[in-house]
Amino acid sequence: MSTGTPLRRTRFRWVPTRTGRSKAVAGLTALILPLAAMVTLASPASAAASATAAYTKKSDWGSGFEGQWTVKNTGTTALSSWTVEWDFPSGTAVGSAWDATVTGSGTHWTAKNLGWNGSIAPGASVSFGFNGTGTGSPTGCKLNGASCDGGTAPGDSAPSAPGTPTTSEVTNTSVKLNWSAATDDKGVKNYDVLRDGAKVATVTGTTYTNTGLTAGTDYSYAVQARDTIDQTGPASGSVSVRTTGGGGENPGPGGDKVNLGYFTNWGVYGRNYHVKNLVTSGSAAKITHINYAFGNVQNGKCTIGDSYADYDKAYTADQSVDGVADTWDQPLRGNFNQLRKLKAKYPHIKVLWSFGGWTWSGGFPQAAQNPAAFAQSCYDLVEDPRWADVFDGIDLDWEYPNACGLTCDTSGPAALKNLASAVRTKFGANNLVTAAITADGSAGGKIDAADYAGAAQSMDWYNVMTYDFFGAWAAKGPTAPHSPLTPYTGIPQQGFTSADAIAKLKAKGVPAKKLLLGIGFYGRGWTGVTQAAPGGTATGAAAGTYEAGIEDYKVLKNTCPATGTIAGTAYAHCGTNWWSYDTPATIGSKMTWAKNQGLGGAFFWEFSGDTANGELVSAIKTGLQ
């Protein structure tokens with residue numbers, strides 16, 4: 001990399017061809033179609049008194065909301081079709097709908113089943129949803145001409161949230177929960193007990209003892225109520241508890257070293273890499289944290305990155321973490337639901353939602369103009385009730401504050417500190433707040449451009465991106481390792497090493513325990529190279545599977561095995577190609593160095609570059625012990 005070339009993070013981004021039903025979310029990424037373009041006529045529904053329709057507001061973003069109706073057959077014979085009617089107050093309207101044909105006349109709205117979801121067996125239910133504008137609630141609900149609750153009064157509201165559970169009688173393998181009752185206009189039937197986001201029991205009372213737990217392990221519990229027509233209300237607040245025994249602390253910043261990996265939402269497309277791969281590779285048992293990449297930053301706010309991959313993609317049983325297939329009408333699918341299942345299986349794992357990245361850092365300068373509003377938008381999105389239990393905090397990936405990345409930013413040295421302070425204030429002490437930061441340790445470089453020590457006061461740790469120092473953006477070379485640990489004779493740019501970056505951050509006052517060393521699970525390479533040792537000339541970037549000049553470790557270990565090491569990183573010369581990348585051996589050495597420096601651990605970009613048996617994740621885990 002020549003002087004002034006920005007340090008870069010690899011971004012393999014695929015544009016998928018999507019099929020199936022995908023819910024549009026106003027203000028995020030979906031395209032809202034005109035209602036008139038969606039309306040078709042359906043045949044009149046036959047009346048059926050033994051059926052109910054219940055309304056839930058799934059989310060609210062101020063200027064609009066997502067509504068959902070659930071039609072349930074409470075009778076003993078099949079329902080062949082259905083029509084739901086209701087009134088909204090003036091100023092509230094339906095914008096776009098899915099899984100039903102919705103028409104409006106003034107303030108009156110009518111929804112009819114589609115051809116595939118009109119038939120409802122006894123005891124079964126179907127749901128349809130829509131994006132709306134305004135703030136009103138529906139009234140005067142009718143289902144097939146009768147009252148929506150099966151009686152004479154219109155509508156039926158969902159139960160309230162129960163009280164936050166309290167814990168008692170904690171042992172090595174069990175914990176007792178108690179909570180205050182929820183309320184409902186027709187009565188509460190039972191409660192679902194949620195452990196780390198997954199339902200573990202349904203009880204009729206307000207107490208439950210969970211057994212079969214693991215000693216010395218952290219768990220989180222919440223409860224939600226069901227009414228007499230099986231409407232589920234919002235979840236209670238969560239309570240955390242640690243079982244006794246176990247002989248030591250769980251992995252994490254307060255105990256053992258952090259071993260954090262990035263999981264990319266676009267990896268589910270061309271790379272065919274899913275949350276279940278963390279299980280089959282053995283990596284889930286060896287990591288402590290996951291950064292889910294990426295959420296976007298737009299107009300100074302946190303927004304969804306890819307709604308389909310994040311929470312809408314349906315998984316079959318063989319693709320799913322727990323072997324259970326998604327259904328078309330479940331409230332949460334996609335990566336978020338798979339991460340929820342992963343956390344239920346591996347309760348020690350904490351998940352952070354990472355926002356920004358190389359491509360999506362352009363919104364941070366505007367965010368820095370109003371840090372409180374940015375923090376509020378991020379909190380509202382991360383803590384959305386549909387997936388709040390999935391995430392344990394937020395990661396800010398601003399490339400780079402008051403410096404040049406994909407674009408140049410002049411937000412000022414204090415911008416990151418102000419943003420971090422606002423985010424910490426909003427998310428509180430019980431959530432993790434972290435950031436991915438530059439590793440440019442050169443004199444007057446990117447570390448010098450922002451107050452990283454000041455911002456660190458609000459952070460649990462920094463992911464220092466100690467990779468991508470050199471690469472084939474300098475098409476003619478010289479060839480150089482993209483992740484050198486230490487300086488070496490002939491390095492193209494002074495200060496572009498892990499050691500220089502860590503030393504500079506420490507010197508500025510960032511505690512060593514708040515610094516994680518970065519590892520790339522990929523190599524960078526050139527072609528047209530005749531010299532085996534670093535420093536040779538090239539004619540351009542070597543061919544890569546997804547992008548010229550870059551290739552996964554799992555490929556390179558077989559196609560171009562390492563022939564030497566330089567500055568703590570492996571390199572390989574095969575034919576006319578020259579690559580540099582980390583191997584299990586070099587990772588082991590880097591982890592020893594990180595421990596000697598007193599660092600908080602390590603992180604890596606990203607899971608899909610590893611082998612099918614997770615040998616690089618294993619190397620980090622072993623090296624940090």
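This passage walks through a predicted model of a protein, from its overall make-up to one helix and two loop residues.

The protein contains 11 helices and 31 strands. Of its 625 residues, 56% count as buried. The accessible surface comes to about 23200 Å², and carbon and sulfur atoms account for 52% of that area. Contacts also link parts of the chain that are well separated in sequence: among those between residues at least 6 apart, 73% join residues at least 24 apart.

Helix α10 offers a friendly place to start a closer look. This helix covers residues 584-596, 13 residues in total, and reaches 18 Å from its first C-alpha to its last, close to the 18 Å expected at 1.5 Å a residue. Its buried residues are Thr-586, Ile-587, Lys-590, Met-591, Trp-593 and Ala-594. Viewed down the axis of α10, these buried residues fall within an arc of 160 degrees, so they line one face of the helix. On the face turned away from that buried side sit the exposed residues Ala-585 and Asn-596. The buried residues of α10 pack against both helices and strands: α8 (498-507) and α11 (615-624), together with β24 (515-520), β28 (564-566), β29 (569-574) and β31 (601-605). After α10 comes Gly-598, which has a positive phi, near 75 degrees.

Helix α8 leads on to a loop residue, Thr-466, which is found between β23 (461-464) and α8. Thr-466 has a relative accessible area of 0%, and it is therefore buried. What does Thr-466 touch, leaving aside its neighbours within four places in sequence? Its contacts are Ala-439, Ser-483, Ser-498, Leu-517 and Gly-518. With Gly-518 there is a polar contact as well, since the side chain of Thr-466 reaches the backbone oxygen of that glycine at 2.8 Å. Leu-516 lies 50 residues away from Thr-466 in sequence, yet the two C-alpha atoms are 9.4 Å apart in space.

A second loop residue, Asp-306, is placed between β19 (301-303) and α2 (307-312). Is Asp-306 buried or exposed? Its relative accessibility is 3%, and because buried means under 20%, Asp-306 counts as buried. The side chain of Asp-306 has polar atoms facing two backbone nitrogens: that of Tyr-308 lies 3.2 Å from a polar atom of this side chain, and that of Ala-309 also lies 3.2 Å from a polar atom of it.

Conventions. Residues numbered from 1 in each chain as written. Predicted model: local features only at pLDDT ≥ 70, side-chain atom pairs only at ≥ 80, totals over all residues. Heavy atoms only, no water. Helix = DSSP H or I, 4+ residues; strand = E, 2+ residues; numbered from the N terminus. Buried < 20%, exposed > 50% of the residue type's maximum accessible area, 1.4 Å probe, protein only. Polar contact = N/O pair within 3.5 Å; in protein donor to acceptor, adjacent residues only side chain to side chain. Expected span 1.5 Å × (residues − 1). Arc of directions from axis to C-beta. Contact = heavy atoms within 4.5 Å. Areas by Shrake-Rupley, 256 points an atom, 1.4 Å probe, with all protein chains shown as cover.
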